Amino acid sequence: MNSKHQFVQLSDGHFIPGLGFGTYKPQEVPNSKTTEATKIAIEAGFRHIDCAYAYQVEEEVGMAIRSKIADGTVKREDIFCTSKLWCTFHRQELVQSSLERSLKKLHFDYVDLYLIHYPFSMKPGEELFPKDENGKTIYDHVDLCAVWEAMEKCKDAGLAKSIGVSNFNHRQLEIILNKPGLKYKPVCNQVECHVYHNQRKLLDFCKSKNIVLVAYGALGTQRDKQWVDQSSPVLLDDPVLGALAKKHKRSPALIALRYQLQRGVVVLAQSFKENEIKENIQV
């Protein structure tokens, strides 16, 4: 593994690079950009690549990683690749086949980390966001503990080296941690976490349970009009970050990333710009 990285040990003994490359993209960005950006990230030194079924770029991510393996830049075991179980596949009989579908797209035999993407379930089927005739999301009722048992089977089958969750609050984490007959506890919880939303209480709770917090949106979210008030402040324009960046002769982005690493948080950095990708790895 690349010596530049600081690694965090997971509760199952595996190690996760402290800095990862996120592959979520806004709809208007073409999928080919993901292949290009992921290749640049690997060339720059990123070894932790975070993707998900719902991002709909697993084929592109797999293509980028395989091309960097083919040209000798990395070996498969150098790469820590994450994918996530989408909410329409929570029923026990669908979990493993959903992971197998992701593996087929990635052209891998296993992922290093597989996460339950959200702690709620939606109607099974091919639609990412199933809606009724009134445009309301159609939810499904699946016990989180049942989903977790299916995740444990994926680990036992060797399809995922580690398993964890994403977007869980401490009560939802406790449901799994207190599950009778728990075989493996979640190694991590991936949540939105940045200077404006530092998740201090959740981080303390996760640390007390030896669960690693993984931060997405660490440089501020992508400000999707659907979810983000466009008049809200832009994180990287924050005057405090700007002043610290000036003082340390670094960019505001590097200050924001460094903040997470110093708290023991695994942090995901995301960009489609070559200069930003190369800069982010310098953290």
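Author: A polar contact is a pair of N or O atoms within 3.5 Å, where one must be able to donate a hydrogen and the other to accept it. Keep that handy, since this is a predicted model and Arg76 comes up first.

Reader: Okay, which residue's side chain does the side chain of Arg76 join in a polar contact?
Author: The cut-off for such a pair is 3.5 Å. At 3.0 Å, the contact from the Arg76 side chain qualifies, and the partner is the side chain of Asp112.

Reader: And which residue offers a backbone oxygen to the side chain of Arg76?
Author: Arg76 sits in the loop between helix 2 (58-70) and strand 5 (80-85). A polar atom of its side chain lies 2.9 Å from a backbone oxygen, that of Ile79.

Reader: Is Arg76 buried or exposed?
Author: Arg76 touches Ile69, Cys81, Phe108, Tyr110, Val111 and Asp112, leaving aside residues up to four places away in sequence. Buried means under 20% relative accessible area. Arg76 has 14%, so it counts as buried.

Reader: Switching to cysteines, how many disulfides are there?
Author: The rule asks for two cysteine sulfur atoms within 2.5 Å. Take Cys154: the nearest cysteine sulfur, that of Cys81, is 15 Å away, so no disulfide there. By this rule, the count is zero.

Reader: Why is Cys188 not bonded to Cys206?
Author: A disulfide needs the sulfurs within 2.5 Å. Cys206 holds the closest cysteine sulfur to that of Cys188, but the gap is too far for a bond, at 9.1 Å.

Reader: What relative accessibility does Cys154 have?
Author: Cys188 is buried, with a relative accessible area of 1%. Cys154 also counts as buried, because its relative accessibility is 0%.

Technical notes:
Residues are numbered from 1 along each chain as its sequence is written. This is a predicted model: local features need pLDDT of at least 70, side-chain atom pairs count only at pLDDT 80 or more; totals for chains, interfaces and linings use all residues. Side-chain values use heavy atoms; hydrogens and water are left out. Buried means under 20% relative accessible area, exposed over 50%, partly exposed in between (1.4 Å probe, protein chains only). Helices (H or I, at least four residues) and strands (E, at least two) are DSSP runs, numbered from the N terminus. Contact means heavy atoms within 4.5 Å.
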